[in-house]
Amino acid sequence: MKNLITLLDQKSNVDEYLITETKTSSTELFFIKDELQMNRGKDVEHITVTVYRNFEEDGKKFKGSSKTKLSPTMTLDEMEALIDIAALAASFVKNEYYSLQVPSDGYAPSIPSKFSDGDVIKSISELVKDVYSQNQETSSFINSVEFFIDRIETRLINSNGVDISQSNFKGLIELIIEATGEKESIELFDMLYFSDHISDDIKDAVKQSLKFATLRANAIPMPNVENIPVILNGAATQEFWDYYKFCASGGSKYNRLHENNVGDNVQGDNVQGSKVTITLAPTLPNSTTSSYYDTEGTFLKEVTIIKDGEIKAIVAGKRYSDYLNIPTTGDIRNTVVEGGIYSEAELKDGPYLELLKFSAFQMNPMTGNFGGEFRLGIYFDGTTKTPVTLGSIAADIKDVQENMQLSKELVKDNNFIGPKFIKLYDVRIAGN
């Protein structure tokens, strides 16, 4: 690294640079039923260098950039050859000029995790016990599981003096649940993300997956219904909030994909239900995206972007904040949505369609159109609750947001905390 920095400092065709070094140590286990089939580990190092060329044309300043990937096994001559190619490419890029990040005096404590104790094999064995402790082998059971624990060490160095290092863990459990109903057998795939070993969270997530698989195996095709509310439940709610985050995005504003400013109301002028409040947080417990710095070296602080439907801050990294002449927030990847005043019992008073699992829930953040085909829902006709599948929903958030009702109960899923239930009216439901 010292030799690489010296090389870059001496290059006359490189005006500025950013080095990103990532070291990943991974431990993986693969089970079929409850028998270990394969275990493996790897240590991988990646070095990416972004080189910048600053120049003027007709009195206007530009900054060109280009990335190249280096291997730790390369000689300095090999590295220099790739850097020269990147520098040439950067000279043809005409981005509006912006400055690179400078060192911050912000305090960045280590992100807590039980995995940092060092005995990863012991940690992953405890995860295995947690998962299989919920496997009752009744109407649904675990078909196969893959466990992954990655320790990721990142170092960022730029030509302005930024030199920061941070370490975090990314855990993933891939579950395939099998269930048999009265008419069919099904498999349900789930992915559980975590950065810390919280036993109860793992057990609860596996228990829910087994429950949903049983419901799916006994689900009937969604009947044709009209004029009933839709309740979004669980992970699908995360993408739902992308629309509001887009409304406060500095990059999108600069590219003229929206024209919102601080003080604008993005939820409508006649809100009858719950008002939206969203905060972006650098760290959350047990989140795989927690970080005190973004990829440009910006020190991250918590920022409320929307309060009661009104934009309070436009979020942007160093480049777009320079363009828009606004404070630099950086890229913050944890989302906290404030709950509403409605209890689960209040939201489920009367007929409804509650959606638990989607094939792919999609929110177009630019237009507000959302929907998708659902794998599992609960249809309540006012008397009987029936598990349903093979249906879809569609709506425009601008048509439903004024009457939207948010639960006071919250759900935590990796890098998201928000209302567990979102009740929406006037959503189009397609059945069979």
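Visitor: In the hairpin of β16 and β17, which residue takes a positive phi?

Guide: This is a predicted model, in which local features need pLDDT of at least 70 and side-chain atom pairs count only at pLDDT 80 or more, while totals for chains, interfaces and linings use all residues. Residues are numbered from 1 along each chain as its sequence is written, and side-chain values use heavy atoms, without hydrogens and water. Strands here are DSSP runs of E with at least two residues, helices are runs of H or I with at least four, and both are numbered from the N terminus. Four residues lie between the two strands of this hairpin, and the one with a positive phi, near 105°, is G382.

Visitor: How many bridges join β16 to β17?

Guide: Two strands count as paired if DSSP finds at least two bridges between them. Strand β16 covers residues 369-380 and runs antiparallel to β17, and one of the matched pairs sets G377 against V388 in β17. The number of bridges joining β16 to β17 is four.

Visitor: Which residue in β17 stands opposite P221?

Guide: Strand β17 (residues 385-389) also pairs with β8 (residues 220-221), in the parallel sense and over two bridges. Opposite P221, β17 places T389.

Visitor: Is the buried part of helix α1 on the same side or on opposite sides?

Guide: In α1 (residues 2-10), L4, I5, L7 and L8 are buried (under 20% relative accessible area with a 1.4 Å probe, protein chains only). The face turned away from the buried side carries K2, N3, D9 and Q10, which are exposed (over 50%). Because the buried residues cover an arc of only 160°, taken from the directions between the helix axis and the C-beta atoms, they lie on the same side.

Visitor: What is the volume of the largest cavity?

Guide: A cavity is a set of points on a 1 Å grid where a 1.4 Å probe fits but cannot get out, and its lining residues have an atom within 4 Å of a point. The largest cavity has I111, P112 and S113 among its lining residues, and the lining divides into three nonpolar, six polar and no charged residues. The space in the largest cavity is about 50 Å³.

Visitor: How many charged residues are in the lining of the second largest cavity?

Guide: The second largest cavity, with a volume of about 40 Å³, is lined by E28, L29, F30, M38, N39, R40, E146 and F148. Asp, Glu, Lys and Arg count as charged. Beside four nonpolar residues and one polar residue, the number of charged residues is three.

Key:
1 Å grid on protein atoms, 1.4 Å probe; cavity = no way out; pocket = protein on both sides within 12 Å on 5 of 7 lines; lining within 4 Å. Points joined across faces, edges and corners; volume = space filled by probe spheres on them.
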